[in-house]
Amino acid sequence: MEYRPDFRLRRMRKNPILRSMVSETRLSLNDLIYPIFVKEGIDSREEVRPMPGIHQLSVDALVEEAKEVHQLGITAILLFGIPDYKDSLGTAAYKSDGVIQMAIQSLKKHIPELMLITDVCLCDYTDHGHCGVVLDNGIDNDRSLELLARIALSHVESGADMVAPSAMMDGQVGAIRNILNQSRFSEIPIMGYSAKYASSFYGPFRVAAESSPQFGDRKSYQMDIANRNQAMIEIQQDINEGADIVMVKPALANLDVIHEAKVRFSHPIAAYNVSGEYAMVKAASENGWIDGEEIALEIITSIKRSGADIIISYHAKELAGAISSS
Ligand code: PBG
């Protein structure tokens, strides 16, 4: 006698309508944030070699790019600035006419509806490439806080809608929340790079942002990839200090951390699908070894399924057509 199972999961996989009816994870353009690099002193755009499709942009080219991104239905961008002058304290990061400040003003003038989030860090602006103040060959936490707060305030004064501190200094969210409160910007949200691991997946980004550390590494401030409990403490701490969104980064190597954060916390969870993850997909795709677009969709879906409410991804622009806004 032939065995005829009653229980058949294949019934609901028969056609696209059934599959979509039971789909547990839906991507929306509203989930996505597109990172963009703006550089001082260049003509228009310069390719970032390890990140095909990604460029360093002048302020004018940035406005064009942002218009295109906005027209595609992407509602928010994350901005990184590359100054033409770097020093040990990253002073170009909080100049009122700095590259990021000029970029924000120009974007707000031309595309006021686009949500502007700014990365708040020192590494793009310091000659040593570290995310904080170097003192006795170490990174001084509390002196860095003062600068990070100043940078965040200058972004907000220029018109940023949200700030995203990424330096992994203890107390960075609190220091920024404090200065914003004192400056009557208490309504500005903070997206903390809360659980940010020390990761070689940031390599291509450091080419794009010209921010490689000139000595040592970032392991004395970014998290050890081996730790998950510590990520929960970092996230809790950022929430205590007034973060509105908490982030796990990189995304793909830390889906377990994203998932646990989603289960434990009620705050929105962001995940950063970082430069190295993007570069791997692009490199294999350009060789014809994988279907880049399908793989990118699969990756973004898995990040969302793991628990991320918001996904920061260099794939956002190329995937916009495949993802609807709902
Ligand atoms: C700045 C910063 C980094 C990234 C985002 N903000 C680099 C780093 O910490 O070295 C990485 C993003 C990416 O790899 O796409 N501190």
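## Close-up views of helix packing and the ligand

**View 1. The crossing of H2 and H3 is right-handed.** A crossing gets this name if the near helix is turned clockwise from the far one by less than a right angle, and the name left-handed if anticlockwise. This is a predicted model, in which local features need pLDDT of at least 70 and side-chain atom pairs count only at pLDDT 80 or more, while totals for chains, interfaces and linings use all residues. Residues are numbered from 1 along each chain as its sequence is written, and side-chain values use heavy atoms, with hydrogens and water left out. Helices are DSSP runs (H or I, at least four residues), numbered from the N terminus. Helix H2 spans residues 59–71, and its axis lies 10 Å from that of H3, at an angle of about 45°. Axes are lines fitted to C-alpha atoms over the stretch in contact, and angles run from 0 to 180 degrees between N-to-C directions. H2 and H3 are therefore oblique to each other; that word covers angles that are not under 35 degrees (roughly parallel), over 145 (roughly antiparallel) or 65 to 115 (roughly perpendicular). Look for Val 59, Leu 62, Val 63, Ala 66 and Lys 67 of H2, which meet H3 residues including Val 99, Met 102 and Leu 107. Contact here means heavy atoms within 4.5 Å. By class, this contact has eight nonpolar, two polar and one charged residues. Ala, Val, Leu, Ile, Met, Phe, Trp, Tyr, Cys and Pro count as nonpolar, Asp, Glu, Lys and Arg as charged, and the others, Gly among them, as polar.

**View 2. Helix H3 (residues 99–110) also packs with helix H4 (residues 141–158).** Their axes are 8 Å apart, at an angle of about 25°, so H3 and H4 are roughly parallel to each other. Ile 100, Gln 101, Ile 104 and Gln 105 in H3 meet Ser 154, His 155 and Ser 158 in H4. These contact residues comprise two nonpolar, five polar and no charged.

**View 3. Helix H8 (residues 255–264) crosses helix H10 (residues 292–306) at roughly 35°.** The two axes come within 8 Å. On H8 you can find Leu 255, Ile 258 and His 259, meeting Ser 302, Ile 303 and Ser 306 of H10.

**View 4. The ligand has 19 residues around it.** Each has a heavy atom within 4 Å of the ligand. Lys 196, Arg 206, Lys 249, Ser 275 and Tyr 314 come nearest. Polar contacts are pairs of N or O atoms within 3.5 Å. An N or O atom in the side chain of Lys 196 is 2.7 Å from a ligand oxygen atom, and a polar side-chain atom of Arg 218 lies 2.8 Å from an oxygen atom of the ligand.

Conventions: Helix = DSSP H or I, 4+ residues; strand = E, 2+ residues; numbered from the N terminus. Polar contact = N/O pair within 3.5 Å; in protein donor to acceptor, adjacent residues only side chain to side chain.
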